[in-house]
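Biologist: Before I rely on this chain in my own work, could we go through it together, one question at a time?

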Amino acid sequence: MANGQQKAQQNAAAFQAWSATQSEDDFKQIIFQGQLNRGEIAKAVGCGKSALSQNPELRKHLKSLEDSLREKGVLPPLTAKLREKAFADFQ
């Protein structure tokens, strides 16, 4: 059985593999309140929702993905409220 650190690395790798297979339209389907739906991501990756905020590597990849999607116009720009929520998610 994998220890916590190994599981964290596996989850980060699974996230990267999943996100690489998604199109912009796929991402548009899981937008919720101006960001990607954490529950849908967790289901697709096969991890708990808490891993998305507690795993530093996974958190970094998710932030990078959402920043990239914002630059492309797939996600809306960060409003003050979204910025607060995003900051809370990435602490």
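What follows is an exchange of questions and answers on a predicted model.

Biologist: In what order do the helices and strands follow one another along the chain?
Modeller: The secondary structure comes to 6 helices and 2 strands. Read along the sequence, these elements follow the pattern α-α-β-β-α-α-α-α.

Biologist: What percentage of the contacts in the chain with a separation of 6 or more is accounted for by residues 24 or more positions apart?
Modeller: One individual pair that is distant in sequence is P56 and A12, which lie 44 residues apart along the chain and have C-alpha atoms separated by 9.1 Å. For the chain as a whole, among contacts with a separation of 6 or more, the share that comes from residues 24 or more positions apart is 66%.

Biologist: Is N11 buried or exposed?
Modeller: N11 is found in helix 1, which spans residues 4-20, and beyond its neighbours within four places in sequence it is in contact with V45, G46, C47, A51, N55 and L58. Its relative accessibility is 8%, and because the cut-off for a buried residue is under 20%, N11 counts as buried.

Biologist: And P56, at the start of the range given for helix 5, is it buried or exposed?
Modeller: P56 lies in helix 5, which covers residues 56-71. Its relative accessibility is 53%, and since a residue must be over 50% to pass the upper cut-off, P56 counts as exposed.

Biologist: Why do the buried residues of helix 3 lie on the same side of it?
Modeller: The buried residues of helix 3, which runs over residues 38-45, are R38, I41, A42 and V45. They lie on the same side of helix 3 because the arc they cover around the axis is only 100°. In general, an α-helix has 3.6 residues a turn, so residues three or four places apart point the same way.

Biologist: Which residue has a side-chain oxygen that reaches the backbone nitrogen of G39 at the start of helix 3?
Modeller: Helix 3 is followed by G46, whose phi is positive, near 85°. At the start of helix 3, the backbone nitrogen of G39 has a side-chain oxygen within 2.8 Å, and that oxygen belongs to N37.

Biologist: To which backbone nitrogen does the side chain of D26 reach?
Modeller: D26 is found in helix 2, residues 24-28, and with a relative accessible area of 31% it is partly exposed. At a distance of 2.9 Å, its side chain reaches the backbone nitrogen of S23.

Biologist: What is the approximate phi of Q33?
Modeller: Q33 is found in the loop between strand 1 (31-32) and strand 2 (35-36), and at 52% relative accessibility it counts as exposed. Although Q33 is not a glycine, its phi is positive, at about 50°.

Biologist: Which element supplies the largest share of the largest nonpolar core?
Modeller: That core holds 17 residues, of which F15, W18, F27, L36, I41 and L69 touch the most other members. Helix 1, helix 3, helix 4 (51-54) and helix 5 each supply at least two residues of this core. The largest share, 4 residues, comes from helix 5.

Biologist: Which residues does F15 contact, leaving aside its neighbours within four places in sequence?
Modeller: F15 is one of the core residues that touch the most other members. Apart from those sequence neighbours, the residues in contact with F15 are I41, V45, L58, H61, L62 and L65.

Methods: Residues are numbered from 1 along each chain as its sequence is written. This is a predicted model: local features need pLDDT of at least 70, side-chain atom pairs count only at pLDDT 80 or more; totals for chains, interfaces and linings use all residues. Side-chain values use heavy atoms; hydrogens and water are left out. Buried means under 20% relative accessible area, exposed over 50%, partly exposed in between (1.4 Å probe, protein chains only). Contact means heavy atoms within 4.5 Å. The arc is that of the directions from the helix axis to the C-beta atoms. A polar contact is a pair of N or O atoms within 3.5 Å; within protein, one must be able to donate a hydrogen and the other to accept it, and residues adjacent in sequence count only if both atoms are side-chain atoms. A nonpolar core is a set of buried Ala, Val, Leu, Ile, Met, Phe, Trp, Tyr and Cys residues joined through side-chain atoms within 4.5 Å.
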